[in-house]
Amino acid sequence: MGLFPFAVLLLSSLFLLRFSSVYGRIPTTVEGPFKPVTVPLDKSFRGMAEDLPETDPRVQKNGGQFEPEQISVSLSADYDSVWISWITGDFQIGDDIQPLDPERVASIVTYGEFRMPMNNQAEGYSLIYNQLYPFEGLRNYTSGIIHHVRLTGLEPDTLYQYQCGDPSVAEEMSDVYYFRTMPVSGPKSYPNRIAVVGDLGLTYNTTSTVNNILSNHPDLVLLIGDVSYANLYLTNGTGSDCYSCSFPKTPIHETYQPRWDYWGRYMQPLVSKVPLMVVEGNHEIEPQAENQTFAAYSSRFSFPSEESNSYSTFYYSFNAGGIHFIMLGAYISYEKSSDQYKWLEQDLAKVDRKVTPWLIATWHPPWYSTYTAHYREAECMKVAMEDLLYKYKVDIVFNGHVHAYERSNRVYDYTLDRCGPVYITVGDGGNREKMAIEHADEPGNCPDPSSTPDEYMGGFCAFNFTSGPAEGKFCWDQQPDYSAYRESSFGHGILEVKNETHALWTWHRNQDSYKSVGDIIYIVRQPEICVIEQKVHTYRHGKQGDM
């Protein structure tokens, strides 16, 4: 197993022993549904929801012009392959930008198993992207050269060392970094710890979140949308907590793209060694000239799109040991006639639960959130896709978007259901827009239904409830029974899948020690009760990003 995984397992065992002795036995979802709990707002803690300035040493470029920076690892579809990404060259911003030539430097990774010669070499591809505005006075942006290289033929659960860059020029190679591959896919094989976080941004609260994540020694990080929050800035670098409040008359929603570079530099100590898997949020839309969107998101990250047959940066799937993850896009078409829906249907049908017993889905805006912010905003997506996810018995759903924490009881179609997923909202990574604190079920907080649809997502599907305690109403008048626990604090979650049926979920507040937890539960699968119907569909991909 090696010393590091053993240390993590020992840390996990000691944590469970300590928690059990202090707080009593850890509850399981089988004992649910649980009575709804709302933790009162801690008004003494607001953290520092201020962005790191560009003068902060953690976001500044330290090496030469073409020395690799913003280095990150992401997974391919299975354990035997990963992607390494990095940037060389300097970005430009202003009126007269000259895009760099992506062929200027090679995209090479040399690698080998830890403490062995790095005799393996892989070559990838490079690109640049532009963020252009057809309005006088707005500053255009062109990125450095972005490199993506896929390593193949890797052994499972193995520590590798690597360097990236252009080996023909010594000063254009990185230092040596390390990553560990995922375990082989199987019912008894799982990553030790998976960190889950959303709406991260680059504030001082973000630094607390990332420091706590590092202290929990994850094997994988899931980022559930809303990454850099570059779109809270004008192109001149002026920022705000609320773009529409401060800049209501801009001809287009501007961004300050260097914030992406600052974010990549800050995150490198984590994501250069721990794989990061990202799905898009609304803050990644970033419209520009010729109706282009999502340029930074689609260019900066690597995705197992081709490997999972989605051929899209907006939705894809991958395995991590005995877990099959499905990453879905809420900001492209998801109707039953869409490419995304057809792909999802095909992907779900191919999952062998004897090999990957756990099925986990993620996307940005939640379907089951009781906060006023973004209340029932993604209802049309829920109407289109919920039946399909329920049919294939998805175990857990992770969302972001709402800047707070909430965990549901098992639920389907707003009704308690022991075979429905557990929905967990973790949009509390620490971004500049601050926390969500108001609940839609509290007096005076229920939003006007006409105000709930997202302008970009379109559609209106959130009607009054037709049954249950909220029948005839748009909001409940008390915390809904499907909401098990909610709290307005910044933080992150850790998922530890123990075996085919039990996974430990812990949520950690930023203001606590990383060893403390705000919420803890064993999520338990019951495959003998929740039977899956298997049916194979044929899918042929169409154009990426159909709307």
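Where is His-401 found? In this predicted model, His-401 sits in the loop that runs between strand 19 (396–399) and strand 20 (405–408). Its relative accessibility is 2%, and because buried means under 20%, His-401 counts as buried. Leaving aside the neighbours within four places in sequence, the residues in contact with His-401 include the acidic side chains Asp-199, Asp-226 and Glu-377, together with His-364 and His-374. Asn-282, Tyr-331, Pro-365, Pro-366 and Gly-427 are also in contact with His-401. By contrast, Arg-180, which is 221 residues away from His-401 in sequence, is 30 Å away in space, C-alpha to C-alpha.

Asn-282, one of the contacts of His-401, leads to the largest pocket, since Asn-282 is among the residues that lie nearest its centre, along with His-253, His-283, Glu-433 and Asp-454. This pocket has a volume of about 940 Å³ and a lining of 31 residues. Sorted by class, that lining holds 12 nonpolar, 10 polar and nine charged residues.

Apart from the pocket, the model contains five cavities of 30 Å³ or more. The largest cavity encloses about 160 Å³ of space, and of the 14 residues that line it, Gln-70, Ser-72, Gly-264, Arg-300 and Phe-301 lie nearest its centre. Strand 2 (69–75), strand 3 (82–88) and helix 4 (258–271) each supply at least two residues of this lining, with helix 4 giving the most, namely four. Nine of the lining residues of the largest cavity are nonpolar, four are polar and one is charged.

The second largest cavity holds about 120 Å³ of space. Of the 13 residues that line this second cavity, Lys-393, Asp-395, Arg-525, Gln-526 and Cys-530 are the closest to its centre. Its lining is made up of six nonpolar, one polar and six charged residues.

Lys-393, which is one of the residues closest to the centre of the second largest cavity, comes just after helix 7 and takes a positive phi of about 55 degrees. Why does the length of helix 7 (residues 379–391) agree with expectation? At 1.5 Å a residue, its 13 residues should span 18 Å, and the end C-alpha atoms are 18 Å apart, so the two values agree. Helix 7 nevertheless bends by about 45 degrees at Met-385. Helix 7 is also mostly covered, with 10 of its 13 residues buried; among them are Glu-379, Lys-382 and Glu-386, as well as Met-381, Met-385, Leu-388 and Leu-389. The partners against which the buried residues of helix 7 pack are helix 6 (339–350), strand 21 (411–412) and strand 23 (422–426).

Helix 2 (residues 204–215) can be examined in a similar way. Its 12 residues should span 16 Å at 1.5 Å a residue, and the end C-alpha atoms are 17 Å apart, which agrees. The buried residues of helix 2 are Asn-205, Thr-206, Thr-207, Thr-209, Val-210, Asn-212 and Ile-213. An α-helix has 3.6 residues a turn, so residues three or four places apart point the same way. The buried residues of helix 2 pack against strand 13 (194–197), strand 14 (220–223), strand 25 (491–497), strand 26 (502–509) and helix 4, and helix 4 is also the element that gives the most to the lining of the largest cavity.

How values were computed:
Residues numbered from 1 in each chain as written. Predicted model: local features only at pLDDT ≥ 70, side-chain atom pairs only at ≥ 80, totals over all residues. Heavy atoms only, no water. Expected span 1.5 Å × (residues − 1). Bend = angle between axes of the 7 residues up to and from the residue. Buried < 20%, exposed > 50% of the residue type's maximum accessible area, 1.4 Å probe, protein only. Contact = heavy atoms within 4.5 Å. 1 Å grid on protein atoms, 1.4 Å probe; cavity = no way out; pocket = protein on both sides within 12 Å on 5 of 7 lines; lining within 4 Å. Points joined across faces, edges and corners; volume = space filled by probe spheres on them. Nonpolar A, V, L, I, M, F, W, Y, C, P; charged D, E, K, R; others polar.
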